[in-house]
Amino acid sequence: LGPTTAVMPGSRRRVVDEAKDLNPLIVNVLRCTGATLTARAVETGTGTTKGLDMATIDKQTFHIKAVEYGAMHLLDQPRRPVPEPEGATMLELSRLSKRFGSLQALDDLSLSLNRGEIVGFVGSNGAGKSTTMRMIMGLDKPTSGKVTINGRPYRQLSAPLCEVGALLDAKGLHGSRSARSHLRQLAASNGIPAKRVDEVLDITGLTSVAKKRVKGFSLGMGQRLGIAAALLGDPGVLLFDEPVNGLDPEGVKWVRETCRRLAGEGRTVFISSHLMSEMAQTADHLLVIGRGRILTAGPVNDVIASATTDRVRVASPQATQLAELMASRNLAAQPVAPNVLETTATTAATIGELAAQGGIVLHELTTIRASLEEAYMTLTSDSVEYRTDPASQAQMQQAQVRQAVPQGSARG
């Protein structure tokens with residue numbers, strides 16, 4: 001309970017003077033749990049020798065009735081203390097495997113995430129990203145291996161929202177509840193002060209629609225509410241599964257900046273996304289998964305460099321002469337357009353020096369950096385579960401063109 005009543009099982013404490021100022025809803029909640037004497041004491045401010053004996057009150061029933069009466073938000077409970085983890089590791093997966101029948105969804109997956117990191121988790125559909133996140137949150141049981149958050153499995157966390165927050169399914173909500181009601185009930189279940197609800201509504205830009213039923217929310221608003229729920233307990237570990245899905249450009253930028261701010265405060269942010277350009281701007285480290293195995297891991301630039309090569313593009317009215325000069329130095333170049341060459345055999349500086357020595361005019365000399373998308377396509381080329389056949393796609397396009405031409409039409 002709050003500061004006005006006792007919460008210790010079997011103990012007897014006095015009902016403090018402020019008890020008489022409690023909202024009548026709490027009095028009704030107490031009566032519904034069988035605490036008649038205590039309710040009378042709270043209502044009148046008398047009977048201070050009786051106090052509240054939790055041995056005669058079913059605590060679970062109390063919470064159920066409190067939610068039913070909408071009174072949980074009046075019990076301004078102090079947040080439960082979260083033990084400070086030893087060392088920098090906040091989230092650890094050790095030899096994690098998961099099998100669904102004959103399907104090996106995860107295969108011996110191990111990783112450690114540290115404080116202050118934004119770790120991007122990328123992979124094709126069916127690679128095992130969502131399964132991994134569900135097992136972190138205790139929603140799926142691993143076939144073998146273990147997951148620990150601050151050194152403990154999720155099921156052993158006394159106040160889970162205060163240690164790990166997650167956005168896994170933005171539409172997994174009770175549609176008839178308002179945004180504020182949804183967050184208040186989550187807060188009540190984890191001993192989080194009611195005032196924190198208004199804080200996260202403000203952080204996520206949902207204050208103006210806090211009383212609106214969530215079934216009327218757009219996809220983007222649902223994403224923001226899911227992020228608000230994840231932030232509710234002010235946790236040290238955050239899991240976001242496709243957090244920018246359905247957001248407009250301003251919302252995408254807000255998610256990116258929010259992740260940066262959270263990591264700057266020493267939190268661990270584990271985020272999955274199919275938007276490679278956004279991952280390149282947001283994440284510090286990347287984990288690329290394919291068919292349940294980690295394909296590569298490391299800082300974003302290292303992952304890109306491991307799978308791709310930068311190109312140099314050069315444009316010159318003397319492109320043929322430049323190509324011959326480069327060939328004499330064993331530097332291969334390929335024409336990609338009239339008077340335009342590209343090469344991966346050397347740097348822009350070397351080409352510039354060769355052109356100067358040969359008196360060759362250059363109109364363009366550019367280093368084209370490989371993108372994360374290119375690196376991702378290279379890394380996952382052998383582990384894509386659902387692949388489109390280019391030949392079949394071309395045939396389909398041709399058939400669509402034929403169907404678009406009216407029968408019997410002719411030119412001549």
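User: What is the strand order of the open sheet of three strands?
Analyst: The model is predicted: local features need pLDDT of at least 70, side-chain atom pairs count only at pLDDT 80 or more, and totals for chains, interfaces and linings use all residues. Helices (H or I, at least four residues) and strands (E, at least two) are DSSP runs numbered from the N terminus, and two strands pair if DSSP finds at least two bridges between them. The pairing in this sheet is antiparallel, and the strand order is 2-1-4.

User: Which strands stand at the edges of this sheet?
Analyst: Residues are numbered from 1 along each chain as its sequence is written, and side-chain values use heavy atoms, with hydrogens and water left out. An edge strand here has a single partner strand, so one side of it is left without a neighbour in the sheet. That applies to strand 2 (103–114) and strand 4 (144–149).

User: How many bridges join strand 1 and strand 2, and which residue of strand 2 is the partner of Leu93?
Analyst: Strand 1 (residues 89–100) pairs with strand 2 in the antiparallel sense, over eight bridges. Within strand 2, the bridge partner of Leu93 is Leu111.

User: At what angle to strand 1 does helix 4 run?
Analyst: Axes are lines fitted to C-alpha atoms, for helices over the stretch in contact, and angles run from 0 to 180 degrees between N-to-C directions. Helix 4 (residues 129–136) lies across strand 1, strand 2 and strand 4. Its angle to strand 1 is about 120°.

User: Is strand 3 largely enclosed or left open, and how many of its residues are buried?
Analyst: Buried means under 20% relative accessible area, exposed over 50%, and partly exposed in between (1.4 Å probe, protein chains only). On one side of strand 3, Ile118, Gly120 and Val122 are buried, and on the other Val119, Phe121 and Gly123 are buried, which covers both faces. Strand 3 (residues 118–123) is therefore largely enclosed by the rest of the structure, its buried residues numbering six of the six.

User: Which residues stand opposite Gly120 and Val119 of strand 3?
Analyst: Strand 3 runs parallel to strand 7 (residues 268–272), joined by four bridges. With strand 8 (residues 285–290), strand 3 pairs in the parallel sense over five bridges. Opposite Gly120 in strand 7 is Ile271, and opposite Val119 in strand 8 is His285.

User: Which residues outside its sequence neighbourhood does Pro299 contact?
Analyst: Pro299 lies in strand 9 (residues 293–299) and is partly exposed, at 35% relative accessibility. Its C-alpha is 8.4 Å from that of Ala283, although the two residues are 16 apart in sequence. Contact means heavy atoms within 4.5 Å. Leaving aside neighbours within four places in sequence, Pro299 is in contact with Asp284 and His285.

User: Are helix 5 and helix 6 roughly parallel or oblique to each other?
Analyst: The axes of helix 5 (residues 179–189) and helix 6 (residues 195–203) come within 9 Å and cross at roughly 130°. Angles under 35 degrees count as roughly parallel, over 145 as roughly antiparallel, 65 to 115 as roughly perpendicular and the rest as oblique. The relation of helix 5 to helix 6 is therefore oblique.

User: How do the residues of the contact of helix 5 with helix 6 divide by type?
Analyst: Helix 5 contributes Ala179, Arg180, Leu183, Arg184 and Ala187, and helix 6 contributes Val197, Asp198, Val200 and Leu201. Ala, Val, Leu, Ile, Met, Phe, Trp, Tyr, Cys and Pro count as nonpolar, Asp, Glu, Lys and Arg as charged, and the others, Gly among them, as polar. The division is six nonpolar, no polar and three charged.

User: By how many degrees are neighbouring strands of the open sheet of four strands turned on average?
Analyst: This sheet has the order 11-12-10-13 and antiparallel pairing. Strand 11 and strand 13 (364–368) are its edge strands, each pairing on one side only. With direction ignored, neighbouring strands are turned against each other on average by 25°.

User: Which residue of strand 12 stands opposite Pro335?
Analyst: Strand 11 and strand 12 run antiparallel and are joined by three bridges. The residue of strand 12 opposite Pro335 is Leu341.

User: What is the phi of Asn330, and what is that of Asn339?
Analyst: Most residues other than glycine have a negative phi. Asn330, in the loop between helix 11 (319–327) and strand 11 (334–337), is exposed with a relative accessible area of 73%. Asn339, in the loop between strand 11 and strand 12 (340–343), is partly exposed at 45%. Neither is a glycine, yet phi is positive in both: about 60° for Asn330 and, for Asn339, about 65°.
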